[in-house]
Amino acid sequence: MMFLNNTYNEFIKIAAKPRSYIGLIALTVLISVIILAMKADGSTYISFVTASFEQTLSFSGDIMNGNLIAFIILQMLIVHIPLLVALVTGDLISGEANMGTIRMLASKPISRTQIVLSKFLAGALYTLLLTVWLGFLSLYVARWIFGTGDLMVLTSDGLIIHPESDVEWRYLYGFLTAYLSLLTVSTLSICLSAFAENSIGPIVSTMAIIIFFTIIGTMDVTVFDAIKPYLFTTHMAAWRSYFEDPVPWDAINESIRILIYHNVILIGIALYQFNRKDITS
Amino acid sequence: MEPGPIIQVNSISKSFGSFQAVKDVSFHVNTGDVFGFLGPNGAGKSTTIRCLLSLIKPNTGEIKLFGETFASNRSMILSKIGSIIEKPDFYKYLSAERNLEIFARISGARVSKKQIHEMLDFVGLNGREKHRVKGFSHGMKQRLGIAQTLLHQPDVIILDEPTTGLDPQGIIEIRNLILRLKTEQNKTILLSSHQLSEIELIANRMVIINKGKTLIEGDVSELLNQQEVIIVLQVDQVEKTLSIIQDKFPNASATIITQDQIELTLQKNQTSELNRELNNADIAVSALEPKRKLEDFFIKIIGS
C-alpha cells in the first residue's frame, strides 16, 4: 500500500515539473514538422528510395501513406527520445537529494527499497506515456492525414512490401520493443541518479553512455566484437526487426532478454547504492 | 498512552570513518515529556537524532521507541513519529497543500483534505494553501514543517534545531507553536536547540551531551534548582547593598561584578523583599534583572 501511495506521489511530482512536458511538446512539434514536410514534398523524399528500384519494379497505388510516414518518423526520432526520457527520469533520485526532501521521505514509514522501486515504476509509466504519445502521433495522426495502405520498408536484404492487413501487429510489437529499449534508458538514468546529488549529472551521463556504446557498436573493430552483443544500445533498434521478412524471432528474443537483464541489473545496482547512501548531509 | 519511557537510548555509538560522532550516549524520554536535548555544536545531537529516525544506524548500543527496535518494527515506529531535521525541505514547485498531501500519503495514516487545511490553519498558514513553497520565507517553511510533523497525529515529535536561521519574530512564533503542542495536544516532544531560554521555558526534562557523550540527564527543575534565582542588581552604593544582603539574607550568595553591579543567588520568593529593603535603605536600584540559569548551568557542565 505504502509503495503504491509513494508511486502515486512520484507521478504527482513528475506531473508538476515543467520539464516533464518538454518531451511531449518536443515530440508533438517534431512529428508535426515531419508530417507537414511529408505532406508538402513527401513524394520527392520517397523517390530517393524508390528511384533505384524503378528500373526493375513498377509501383502502383499510394505508397506514401500513414504506415510509411509512421515508419519514417520512428526511424528518425527513436534515436533522440532517450534524451527526452533521461531529462525526467535522471532527476528522480538526485533531484530529491539536491532539494533535501530525500531525508524527509526516509524518515517516514517507507523503506528505502520501496522509495527506489516507486521511482522506477513512475519512470516506467512516464516512459510508457511518451511511447504511447509517439505511437499515437506517428501512426494514428499520420494515418488520419495520409490514409492507410501497404507498407514499403527498405531493409538490408532489399525492399519489402507488407500488405496493409499485415502491418498492425508489427507496429504493436515494434512499439512494445521500442518501449523496452526506452525503459532501459529510464532505468539507467534512475540508477545513475542514485549516485548523484544533482540533476544534470545523471542526464548527461546517460546520454554519454548511450553515445559511447553506440560508437563502440558501430565501429567495425574486432576488439569490440565480444562485447557488442551485450551492449543495450545494440538492441535498441530491435523494433525494426518486426518489419523484416521473415521476422528474425530468435534475434528479437535475444534482444528482449538482454534488455530485460540490463533493467534487472540496473535496478539491483540502484537499490544497493541507495540503501547504503548517506542521505543525511 | 501509558506513562513510562517512550524513547530509550542505551549506550549508542556512531563513527564516520575515523571520526567518532557519538560515543556511549544514553537517555530516556517519558510519555508526555518536553525533553530538551542540549549540547554545543558538534556534540553529536544531530547524529543521535538521525539514529532516532533510522536515517543512520548506530554502530553499537540500542534504541527503543514505543518498546520496539527499528529492526523489529521500523514502520510502526516511524508512523508514530513526526520530525523536523534542521530545516524542513519541501518540493518547491508544489503548493503547501500538495506538499502536505504527499507526506501524509506515506505517513501511515489516512489524512483528509480538511485535516490538512486545519493543520495549515494551526501553524498560521491559512490562505497560503495554494501558494508554491518556492515563495515561502524560512519561517513559513519551518511552520509548514511543523504542520507536516503533526499531520498524521504522531505520539512523538522530534524537532532538531527548529529555530535555526530564524529571525527573533520567527523564533517566538515557533516557540509558541511548540508550547501549543505541549498544552493543547499533550505531545511528547524531543527538542534539540541552541536556544537555551527556549528549553528552560518549555522543557520538563533534559539531557546535555558533549563530544558525543552524555554529561547529565534529569528534570529541568531539579537540575536548575528552580526555587532559586540568579539576579543581577545595578545600584548606586555597591558596598552598602552587599552589607544589607549579608545581613538580611544570610543564605544568599552575592558577588560584586562591576563597580555598580552585584550578582546574587537567592530564594525566588525573596526578590520583592530584597527590593523593599534596598528602597528603605535609600539605595537607588536602576536594574534588577533575573539571569537565565540554564545558560550558567550549561556552561558549567560543558566546562567541567
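**Exercise 1.** How many residues lie between E1(B) and E2(B) in their hairpin, and which residue in the turn has a positive phi?

*Solution.* The model is predicted: local features need pLDDT of at least 70, side-chain atom pairs count only at pLDDT 80 or more, and totals for chains, interfaces and linings use all residues. Residues are numbered from 1 along each chain as its sequence is written, while chains are lettered from A and ligands numbered from 1 in the order in which they are written.

Step 1. Fix the elements: helices (H or I, at least four residues) and strands (E, at least two) are DSSP runs, numbered from the N terminus. Strand E1 of chain B covers residues 5–16, and strand E2 of chain B covers 19–30.

Step 2. Two residues stand between E1(B) and E2(B) in the hairpin. B:Gly17, in the turn, has a positive phi of about 65 degrees.

Step 3. Eight bridges join E1(B) to E2(B), and the two run antiparallel; strands pair if DSSP finds at least two bridges between them. In this pairing B:Ser15 stands opposite B:Gln20, and B:Ile12 stands opposite B:Val25.

**Exercise 2.** Describe the sheet that contains this hairpin and the helix that packs on it.

*Solution.* Step 1. The sheet of chain B is open, with three strands in the order E2-E1-E4 and antiparallel pairing.

Step 2. E2(B) and E4(B) (60–65) are at the edges with a single partner strand each, so one side of each has no neighbour in the sheet.

Step 3. On average, neighbouring strands are turned by 15 degrees against each other, direction ignored. Axes are lines fitted to C-alpha atoms, for helices over the stretch in contact, and angles run from 0 to 180 degrees between N-to-C directions.

Step 4. Helix H1 of chain B (residues 45–52) packs on the sheet and touches E1, E2 and E4 of chain B. The direction of H1(B) makes about 120 degrees with that of E1(B). Residues are in contact if their C-beta atoms, placed from the backbone, lie within 7 Å.

**Exercise 3.** Locate the domains of chain B and characterise their contact.

*Solution.* Step 1. Chain B is divided into domain 1 (5–219) and domain 2 (228–303); the bounds come from an automatic or database domain assignment.

Step 2. The centres of the two domains, taken over C-alpha atoms, are separated by 38 Å.

Step 3. Ten residues of domain 1 of chain B are in contact with six residues of domain 2 of chain B. On the domain 1 side, helix H7 (196–202), strand E8 (205–210) and strand E9 (213–219) of chain B each supply at least two residues. H7(B) gives the most to that side, with four residues.

Step 4. The domain 1 side divides into seven nonpolar, two polar and one charged. Ala, Val, Leu, Ile, Met, Phe, Trp, Tyr, Cys and Pro count as nonpolar, Asp, Glu, Lys and Arg as charged, and the others, Gly among them, as polar.

**Exercise 4.** Describe chain A and the side of it that touches chain B.

*Solution.* Step 1. Chain A has ten helices and two strands, in the order α-α-α-α-α-α-α-β-β-α-α-α from the N terminus on.

Step 2. The C-alpha atoms of chain A fill a box of roughly 70 × 45 × 30 Å, taken along the principal axes.

Step 3. The contact takes 21 residues from chain A and 22 residues from chain B. Helix H1 (2–16) and helix H6 (101–106) of chain A each give two or more residues to the chain A side, and H1(A) gives the most, with eight residues.

Step 4. The chain A side divides into ten nonpolar, seven polar and four charged residues.

Key: Contact = placed C-beta atoms within 7 Å.
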